[in-house]
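Reader: I am new to this structure and should like to learn how its features are read. May we take them one at a time?

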Amino acid sequence: MNLNSILLILLLLGCAQTGLIKPETGIIDNERAATADPQQAMLEQARAFKESNPELFGKANGVLVTAIVSDSQGEKAGLKPGDILLTYSNTFLNSVEHLIELNGKRNENESITLTYLRNKELQEVDIQGGRIGLQIVSLIPSQSELLTQSMSDLSQQGDDAISKARYETAVLLYQKGLKIANDLENSAWRSVFLRGLGNVYYYRGQYLQALDYYQQSLAITREIGDRNGEANNLNNLGNAYIGIGQYPQALDLYQQSLAIQREINDRNGEANSLGNLGNLYRNLGQYPQALEHNQQSLAITREIGDRNGEAINLSNLGSIYYFLGQNPQALDHYQQSLAIHRETGDRNGEAKSLLGLGNVYHYLDQYPQALDLYQQSLVIQREIGDRKGEANSLGNLGNIYQNLGQYPQALEHNQQSLAIKREIDDRNGEAKSLLNLGNVYQDLGQYPQAFNEYRQALSILVQVDVPESIWRVWSGLSKTSHKLGQLQIAIFTGKQAVNTLQSMRASNLALERELQTSFLEEKVFVYQRLAEMLIEQGRLAEAEQVMAMLKEDEYFDFIQRDGQDDMRITQAGYTQMENGIVTEINQFSSQLVSLGKEYKNLEKLSLIDEQAKVRLTKVEKELEQAQAGFLKLISGLENYFKQAGSDKALELGERQLERLESQQGMLGKHQAVIITTIVTKEKIHLLLTTPEVQLARESAIGEKALNDLIKRFRNALKHPGSDPVPLAQELYTYLVKPLEKDLQQAQVETLMWSLDGALRYVPLATLHDGQQFLIEKYGLSLYTAAAHNNLHENNVGSWRAAGLGVSLAHPGFEALPAVPNELRNIIRKNDDDQIGVLSGEIHLDRDFNRETFKSVVRAGYPVLHIASHFKLQPGDGSASKLLLGDGDTLSLDEFRRQAAFKLHGVDLLTLSACDTAVGDKGAGGEVESFAVMAQLRGANGVLASLWRVEDESTALLMQQLYRLLSGDGRLSKAEALRQAQIKLLRGEIRSNKNGEKFSHPYFWAPFVMMGNWL
């Protein structure tokens, strides 16, 4: 029996069993089909017919003919649109391959036999070779297949709707798909649609609803063993927890997701998890980890061609660079992101990129551009229903209006933003809106209202732990309290702001030096304001400690101190009174965090568990009480300080830092003082530490005017034909005049200066009181960070020296022809040498290489004199190099890392090279660079130069310096340098060539003694 006979029997049996087939069952009427939507209508009728009459199809899926090509073999054979093909040449039509064969062209002598259904009847036709000419759509799907395809289509359409921010449409599509999945009891598709609904609510900022759907989807994926779905849900849950400020939970979920995605080699999912981890670390202020994870994610999205993922990562990186103060990089990444989002039609991503660009222009004070970008973003966010994005744009617009002095608009926009954030339960966002409102009220002079907004913001932030917002709130409280005349509160809250920033800096030590610097730049005012308030209260040592956090950061990369000494990770010290408040704040914070976590967990359980519902009510009350207690603590700070502030002896003890107290004996013994400068926008603070007391003075010149004065002064100093005295007098007025009486009363001989910023470019010896230079009155030294622990008297029994020098030119370095003479004038080769001052050895040019450098260090000479070029690149130890005599260079990294270059036993390291102490960045921190690092390597004192010096005058000054040191064992290094400089100043030492005087400061002033000057 052949196949056609079998089909005929099946047809007859089917009719006998089912009776007359009614028209509504879906049998195709060819004439009716021709008037309907041609393809889709016929395919649907064919599917319905197949569902009603499966016995007619046998093993065939069936193929619907939708059209016949004119003059084809199919037309000649009498085939018509609406026919359902079952077999060809004894082959059941049930696969895509069969469709391909059916559509092919046959040889002229080849014939095939087709069986088909037309109006309930089984037909058969032979078709000769040539083109068959049938137009077909697909195999006719079963109801199950059709529903599966329908779910797939609904899922894709829902995803597309989300990408275009058509959230209402997405909800309808996902809900329709979920109903089908529920009807079919298809768990896999149920999890997909639940996850899709979670995505909709997440993008709309409705995080609690999103959490509900994600958790349902996660449970299903774990039940059916869908590892990919499980990873996606974990990732999405992490996003939702970020939205409600629950960062620890989010971190755990992201890490679980990443582990699964790497296990199953899901590169797209891996990129998503890495990007989300990057965002989390950014929110926590941990920028090295944020950069690393987002850069890894970006690399993967580019590798797999995920344009949308690439754009998201570019935007995320733009945000990180923005927080780090790297505005060019931020702009570049946001612009790239915006272009891709517009290319792919991602409206949500476009709005976020516009918002990011607006933030950068806002920071750059380009308010019109920022305003336009924020408004564009707001329009899109309202259009797509992104409530969180809308709130963010409103808040940023409020900030712009505040900067423009348009306070009513600023208040209105920030209040609208706050309302939305409360509506969508965005706790972190709510705190930011309260912070913004506090800033506006502060500008309006409405300080009580400002304090209240900050206080509320803080009560939220202690629960969600977003340091970037926390330091700003503490800083706002500090400024407001100061305006209200509550100085103790202002100082305490200022310390909280500084210590939050210090914690962030400690988390970012792995960042490149440039990024660490830019991160701190916009926050320097927080440290300066705290220092000024401490000075106002006479708490000078605490002020010095705060400013040291900035000073030591400027050259930490050069000195490589032990971690415990790194001022980037130290905290501003608290008084006993302040410690009590910190303890209470920490207790409330821990309680609020714990109760907040429990509350979130119970919210879900309370829907199905009556005991959880009871506990939820109790926790809610406890949470309210804890929040009220915290708010009361902050509000009651004024009374706290009043009640605790009567112990004057304690207050006096708190004014001294331990390390300064330990040095006061030394100051008295050597008739020395320490002068610390703190330069702010409005004034210079001068802190004077004598053997007996600390006191503060100030000068009415701000940072900008001071820097301009220093620049003009240095230009005058570096031209021997100019007269620098008028500018020297002006600087003296600001730096020394306020302290004159105090210095006279203290009867001091040596001034130890701890300078900040551009003041470190000033050769203090040249300051002039109208009668004489400062060097003619006092010995001078720079009191560096490295001098804290090595300021002790030297015990040099015999002054011996090793001289290392370069006289020849090398690529990138000019010749120093006077160096051989300089070294010969300093070092005696033997006892018969009448020229040199100190006994020792000289290594010049080719003889000055790495090995000879190491050998002289091992020899333990008290004086190590290096006459060569040193090129400094701040922040890059590998690019900062000392030229060796053989033309090679020794990098700063190599110098500080190799044990062979430890300088223990070196009492004086002299660097008579070009610009040894000055780099090219202009911030002042590099002045102490190599010298400070050398002290940490073991050298007691370091003599370096502030600008390129004339070779002959340098040789003469150095010779005189060493002659004084070796001739009178009672002279300190600072005093020997002072006397040598005075001899040049007064013309007592002249050129051996032409008798020229070296009286101009250009010749003698650039050399500065750093560290141990004794």
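Reader: Which residues are linked in a network of salt bridges?

Author: Side chains of opposite charge can pair when their charged atoms come close. A salt bridge is a side-chain nitrogen of Lys or Arg within 4 Å of a carboxyl oxygen of Asp or Glu. In this predicted model, such a network joins Arg222, Arg227, Glu230 and Glu263. The structure holds 35 salt bridges.

Reader: On what basis are these values given?

Author: Residues are numbered from 1 along each chain as its sequence is written, and side-chain values use heavy atoms, with hydrogens and water left out. In this predicted model local features need pLDDT (the predictor's confidence in each residue, from 0 to 100) of at least 70, side-chain atom pairs count only at pLDDT 80 or more, and totals for chains, interfaces and linings use all residues.

Reader: How is the salt bridge of arginine 387 and glutamate 390 placed in helix H18?

Author: Helices (H or I, at least four residues) are DSSP runs, numbered from the N terminus. The two residues are three apart in H18 (residues 387-403), so about one helical turn separates them. Their side chains meet at 3.1 Å, N to O. Buried means under 20% relative accessible area, exposed over 50%, and partly exposed in between (1.4 Å probe, protein chains only). Arginine 387 is partly exposed at 25%, whereas glutamate 390 is buried at 9%.

Reader: Are glutamate 975 and arginine 978 buried or exposed?

Author: Both are buried. They form a salt bridge, with the closest N and O atoms 3.0 Å apart.
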